[in-house]
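Reader: I would love a close look at one part of this model, the salt bridges. Could you walk me through them, and then through the surroundings?

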Amino acid sequence: MHIALTGGTGFIGNFLTTKFVENNHQVVILTRNPNHIKNPIPKVDYIPWNPKDPEFELKGLESSEILIHLAGEPLVGPPIIGRWTKSKKNKIYESRVLGTRNLINSLSLSDHKINTFIGMISGIGCYPDSGEKELDENSEISNEWLADLVLESENSITENLPNNIRNVILRAGIVLGKDGGGLKRLLLPSRFGVLGKFGTGNQWWSWMDIEDIYNCIAFFIENKHTGTFNVTTQNPVRQKEFVSTLSKHLHRPNTTWIPFLGNLYKLAIKIILGGVSAEVLYSRKINPSKLFQTGFICKYPLLAQSIKKNLNLE
């Protein structure tokens, strides 16, 4: 199958591309600077795309049937610090909302065979801090900036994509993988034995292993479902449970047992990250039943399985 990706050089995109190539798919990556890719993947074609130009004609999609859209300014800057300043918010909006509109308009000007558009540029950040309440695709949406961004990003797909192209929108939770995402950011403090509760530590973290992200996307390519889906496992964990599980498999101590330290961590996270802090302090207990009712099955449904796999402890 011929598959095109935006955001193909990022953490998730790079993993997906590698897996697609391993499974003998033909892959094209749309990128700003195809001649400046640091570690190009063999057998992959890199073609130019300007996400700021709605009139940009794409050359090289003539055989592509699937377009996976991942491109967007990172919500959290490397390695972990990245406050949502006004400038940062503008970059995020331009890349995720305007960039998506421009991409779809560019498709209308280009020669291609795209019949399926899979967008994963939003996420479960659209939901409010909900404590013990389970959240599904029909749950209320937060009134905060990130939720507005998520909805506008999704609307930029549904309102502009032609009716003859199937669309699937995936709202991902925390993605666990050895080369990036939530797990990589927590490894260093965990190895030093200083990882602990963020506040009470009772907030729910909804997650999925990066290999199951690939499996999920491959499933939607092969099956003709459409619509918006929460993409997490059926086994969310409390933040303090995440810390304890990671520490256990690293054979390192943690600070979850120290009174009041969780509140100090919470304060520090708010000071350092500002609005971004909601992504680790809010409780979002996602119910992904809509996803699993399609017949999709997780390979790594339990946190311990994902951690062991990503840390090569299997």
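Author: Happy to. Let us start with Glu 211 and Lys 309, whose side chains meet in a salt bridge with an N to O distance of 3.9 Å. This pair links distant parts of the chain, with Glu 211 in helix H5 (residues 210-222) and Lys 309 in helix H10 (residues 303-310), 98 residues apart. Glu 211 and Lys 309 are both buried. They also belong to a network of salt bridges in which Asp 209 and Lys 299 take part as well. Please keep in mind that this is a predicted model.

How many salt bridges does the structure hold? The count is nine. Another one joins Glu 132 to Arg 238, and here the closest N and O atoms are 2.9 Å apart. Again distant parts of the chain are linked: Glu 132 sits in the loop between strand E5 (116-119) and strand E6 (134-135), while Arg 238 is in strand E12 (residues 237-238), 106 residues apart. Glu 132 has a relative accessible area of 47%, so it is partly exposed. Arg 238 is partly exposed too, because its relative accessible area is 21% and the buried class means under 20%.

A further pair is Glu 73 with Lys 88, where the side chains meet in a salt bridge at 3.2 Å, N to O. Glu 73 lies in the loop between strand E4 (66-69) and helix H2 (86-108), and Lys 88 lies in helix H2, so this salt bridge ties together parts that are 15 residues apart in sequence. Is each partner buried or partly exposed? Glu 73 is partly exposed at 25% relative accessible area, whereas Lys 88 counts as buried at 13%.

Now to the surroundings, beginning with a pocket. The second largest pocket holds about 290 Å³ of space. Its lining is made by 24 residues, and those nearest the centre are Asp 129, Ser 277, Ala 278, Leu 281 and Tyr 282. Three helices, H3 (145-158), H7 (261-273) and H8 (278-281), each give at least two residues to this lining. By character, the lining residues of this pocket divide into eight nonpolar, 10 polar and six charged.

Helix H7 also leads us to a loop, the one between helix H6 (239-250) and H7, where His 251 is placed. Phe 260 lies in the loop between H6 and H7 as well. His 251 has a positive phi, near 55 degrees, in a residue other than glycine. For Phe 260, phi is positive at about 70 degrees, and this residue is not a glycine either. With a relative accessibility of 70%, His 251 counts as exposed; Phe 260 is exposed, its relative accessible area being 70%.

On the other side of helix H8, Arg 284 lies in the loop between H8 and strand E13 (285-286). Arg 284 is buried, with 6% relative accessible area. Its C-alpha atom is separated by 34 Å from that of Asn 23, and the two residues are 261 apart along the chain.

One last stop is at the surface. Leu 188, Phe 192 and Val 194 make a nonpolar surface patch of about 330 Å². Val 194 is found in the loop between helix H4 (181-191) and strand E9 (204-205), and its relative accessibility of 41% makes it partly exposed.

Conventions. Residues numbered from 1 in each chain as written. Predicted model: local features only at pLDDT ≥ 70, side-chain atom pairs only at ≥ 80, totals over all residues. Heavy atoms only, no water. Patch = residues over 30% accessible without salt bridge, like charges linked within 9 Å, V, L, I, M, F, W, Y side chains within 5 Å. Areas by Shrake-Rupley, 256 points an atom, 1.4 Å probe, with all protein chains shown as cover. Salt bridge = Lys/Arg side-chain N within 4 Å of Asp/Glu carboxyl O. Helix = DSSP H or I, 4+ residues; strand = E, 2+ residues; numbered from the N terminus. Buried < 20%, exposed > 50% of the residue type's maximum accessible area, 1.4 Å probe, protein only. 1 Å grid on protein atoms, 1.4 Å probe; cavity = no way out; pocket = protein on both sides within 12 Å on 5 of 7 lines; lining within 4 Å. Points joined across faces, edges and corners; volume = space filled by probe spheres on them. Nonpolar A, V, L, I, M, F, W, Y, C, P; charged D, E, K, R; others polar.
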